[in-house]
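Please keep the sequence and the structure open beside you while reading this note. It takes up a few points of architecture, one after another.

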Amino acid sequence: MKPRIVCPNLFSNIEQMSEFVNDYGFDGVDWTFRPENMPRNRYEESIFINEISRLKPLPVRYHCFFNDSGFGDHDPDRRQDAMKVFHRVLRLVSKVQGKSMTIHVGLGRDSSEDLSWSNVLDSLRRLVNDAADRRIKICLENLPYGWTSRPDLYEKLIRKTNSWATLDIGHAQASDHLICQAYDIEDFVAPHPERFLNAHVYDKETLDGHSAPETLLDIDKRLDVLIALPLCDWWVLELREEQALIKMLSVAREYFNERPLKQAI
């Protein structure tokens, strides 16, 4: 199975976005919701729905990027507010016939001290079930810090909530648990390879953001992990700078061009 090579919503202007995707031959668009681009009322929702429709026939999947949402907070009011935000996004994704939505646990937090493990499980389980009622799959993404940076805890969160998963190979590489060689990147996927639907593909997570690899050798072993996942057919080249994204696209295509040669050896 060759996965779709997908562009993030790099541009806010939908015409520019559509032109860029078509010019470079991407197979789809991964749309990230942030606080600043979330529709605030029904009028803005209708504009958003119209814009997404203009990307057709390209498939679109969705990604929530909400820092410190309070999803599993000890404070019940913060948990309730966070769940309202996620349910609002779910309703919006449902309106545009979306089928997949990636989320995080503990995004933007310095530590997990204010999080409750049982509250995270409860909130995530409820969100997964509510999404399933709308025929949407909730995918939990690994982060470079916190509980999802540990393969053993990441596995438990997925298994105990029946969520799907998105593997971010840059986040995995930046995890302290991989840096100290307590785990390998394969440990993120080995317990449940069939749960991974999406991947975020780039080289490194830095203080300045994501970076593209210099050469295929920087990233090919991680791509080998992704290609072995049976349902992971959506590779998002998650770079927010145009030239870096084009570089990543070139490396991804080189990987698929070389793969038949590697298999023949």
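The points below concern a predicted model and go from its sheet to the helices that pack on it.

1. Strands of a sheet pair through backbone hydrogen bonds, either parallel or antiparallel. In this model 8 strands close into a barrel, following the order E1-E2-E3-E4-E5-E6-E7-E10, and their pairing is parallel. Between neighbouring strands of this sheet there is a turn of 30° on average, with direction ignored.

2. One pairing that can be followed by eye is that of strand E7 (residues 196-201) with strand E10 (residues 234-237), which run in the parallel sense and share 4 bridges. Here His200 stands opposite Val236 of E10.

3. Which strands does helix H3 lie across? They are E2 (28-33), E3 (60-64), E4 (100-103) and E5 (137-141), and the direction of H3 is at about 155° to that of E4. Helix H4 also packs on the sheet, where it touches E4 and E5 and makes an angle of about 145° with the direction of E5.

4. The axes of H3 (residues 76-95) and H4 (residues 117-133) come within 11 Å of each other and cross at roughly 20°. Because angles under 35 degrees count as roughly parallel, H3 is described as roughly parallel to H4. The crossing of H3 with H4 is right-handed.

5. On the H3 side, this contact is made by Arg79, Met83, Phe86, His87 and Leu90, while H4 contributes Asn119, Ser123, Arg126, Leu127, Asp130 and Ala131. Sorted by character, the residues of the contact between H3 and H4 comprise 5 nonpolar, 3 polar and 3 charged.

Note on methods. Residues are numbered from 1 along each chain as its sequence is written. This is a predicted model: local features need pLDDT of at least 70, side-chain atom pairs count only at pLDDT 80 or more; totals for chains, interfaces and linings use all residues. Side-chain values use heavy atoms; hydrogens and water are left out. Axes are lines fitted to C-alpha atoms, for helices over the stretch in contact, and angles run from 0 to 180 degrees between N-to-C directions. Helices (H or I, at least four residues) and strands (E, at least two) are DSSP runs, numbered from the N terminus. Angles under 35 degrees count as roughly parallel, over 145 as roughly antiparallel, 65 to 115 as roughly perpendicular and the rest as oblique. A crossing is left-handed if the near helix is turned anticlockwise from the far one by less than a right angle, and right-handed if clockwise. Contact means heavy atoms within 4.5 Å. Ala, Val, Leu, Ile, Met, Phe, Trp, Tyr, Cys and Pro count as nonpolar, Asp, Glu, Lys and Arg as charged, and the others, Gly among them, as polar. Two strands pair if DSSP finds at least two bridges between them.
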